[in-house]
Amino acid sequence: MKALQRLNHGWRVIATGIAFVTFGLGGLVLSVTLFPLAALTSPDAATTKRRVQRLMSASWRLFVWFMKLMGILTWEVHGREKLRERGQLIVANHPSLLDVVFLISQIPEVDCIVKRAIFTNRFMRLPATWAGYIAERSAEELIGDCAATITAGHSLLIFPEGTRTVPGQPISMRRGAAQMALAAKCPLRPVTLSVSPPTLIKGQPWYHVPPRPFHVRIEVGEPIAIEPYLAMEPSLAARHLTRDLEAYFTASLQKIGDPAHTTGMAAAV
Amino acid sequence: MGTQEIFARLRDLLVELFEVEPAKITLEANLYKDLDIDSIDAVDLIIKLREITGRRVQPEAFKQVRTVGDVVNVVYGLTQAAA
């Protein structure tokens, strides 16, 4: 039994390596084949972007299936159809490196705010540029663009924590997502991600695979209305909404029984 | 208006607008790092400072501002120029 376990662990290290290489090379290959083809057959840049986003979503859906077939992970999605509504501001917590891959694999067309380093990464730069993903900047500069995206009927995905969650630490969010929702006067669609056992957290090397295949749970929540905040001074509204978002995700993770955020379990991580 | 009074009014403004803990507000406190005030807040703050100076405040005047003390100095300079 022990030997089998060790064999499985060894295989998952190799499979994770294969997954990383596939992901990096896959993005590059798409960037010089299907994406330019989409551009050639589209009437304008906006159509190209949407088509590339669809291709991206489809290829990442294939990629997560590939990882499942290799025995690295399993997943479940609750409320998937709610992600397909257009013109939504989607906010998610950020436990692992794979979050954006999982979410985009579930949403056919979505703009996404990504960290600036993506645009200097040799593997990610091209696909992210083709898909029109937005490099993180100060909220002040982003808000106008992002509010316009949503008003035009496109969905936008943000990870308000701004970086991956530290397991065992309380969820702490920046105010940008709240400021955007208040500027666009649109509700927030929360998506709770739970990875168990926690893996691919910040600063953890890829080959530190968890003791067993990990499970990703994606729970799409009901919209959070912003009307109650609109009467407040904008600076206070953004603070209160951000605090309420943090409370929402904390409660939601505890309800799911997330190992990294359940009271009393933090020490076990 | 002296710098003491400007500081007191600025402190009230920071508490009211941004729910900053009054104890954290010192002349040395960095607005961004210590008081969690972002660039959007800064715009709101500059608009509200009009209530202290009694005249329009140009955002350019606050380009170099980092601490609470810097804000007090800029506002003091503006009130002196107006007098």
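**Strand pairing in chain A**

Q: What makes E6(A) and strand E7 (residues 214-220) of chain A a pair?
A: Six bridges join E6(A) to E7(A), in the antiparallel sense. Two strands pair if DSSP finds at least two bridges between them, so E6(A) and E7(A) qualify. One bridge sets A:Ser196 against A:His215 in E7(A).

The model is predicted: local features need pLDDT of at least 70, side-chain atom pairs count only at pLDDT 80 or more, and totals for chains, interfaces and linings use all residues. Residues are numbered from 1 along each chain as its sequence is written, while chains are lettered from A and ligands numbered from 1 in the order in which they are written.

Q: Why is E2(A) called a strand?
A: Strands (E, at least two residues) and helices (H or I, at least four) are DSSP runs, numbered from the N terminus. E2(A) spans residues 89-92, so it meets the strand minimum.

Q: How do you know that E2(A) pairs with strand E6 (residues 188-196) of chain A?
A: Four bridges link E2(A) and E6(A) in the parallel sense. A:Ile90 has A:Arg189 as its bridge partner, and A:Ala92 stands opposite A:Val191.

Q: What joins E2(A) to strand E5 (residues 156-158) of chain A?
A: Three bridges do, and the two strands run parallel. A:Leu89 stands opposite A:Leu156 in E5(A).

Q: Why is E6(A) called largely enclosed?
A: Eight of its nine residues are buried, so the rest of the structure largely encloses E6(A). Buried means 20 or more other C-beta atoms, placed from the backbone, within 10 Å of the residue's own (exposed: 12 or fewer; partly exposed: in between).

Q: Which way do the residues of E2(A) point?
A: A:Leu89 and A:Val91 point one way, A:Ile90 and A:Ala92 the other, and all are buried. In a regular strand, side chains alternate between the two faces of the sheet.

Q: What makes E1 and E4 of chain A edge strands?
A: The open, mixed sheet has seven strands in the order E1-E7-E6-E2-E5-E3-E4. Strands E1 (73-78) and E4 (134-135) each have a single partner strand, so one side of each lacks a neighbour in the sheet.
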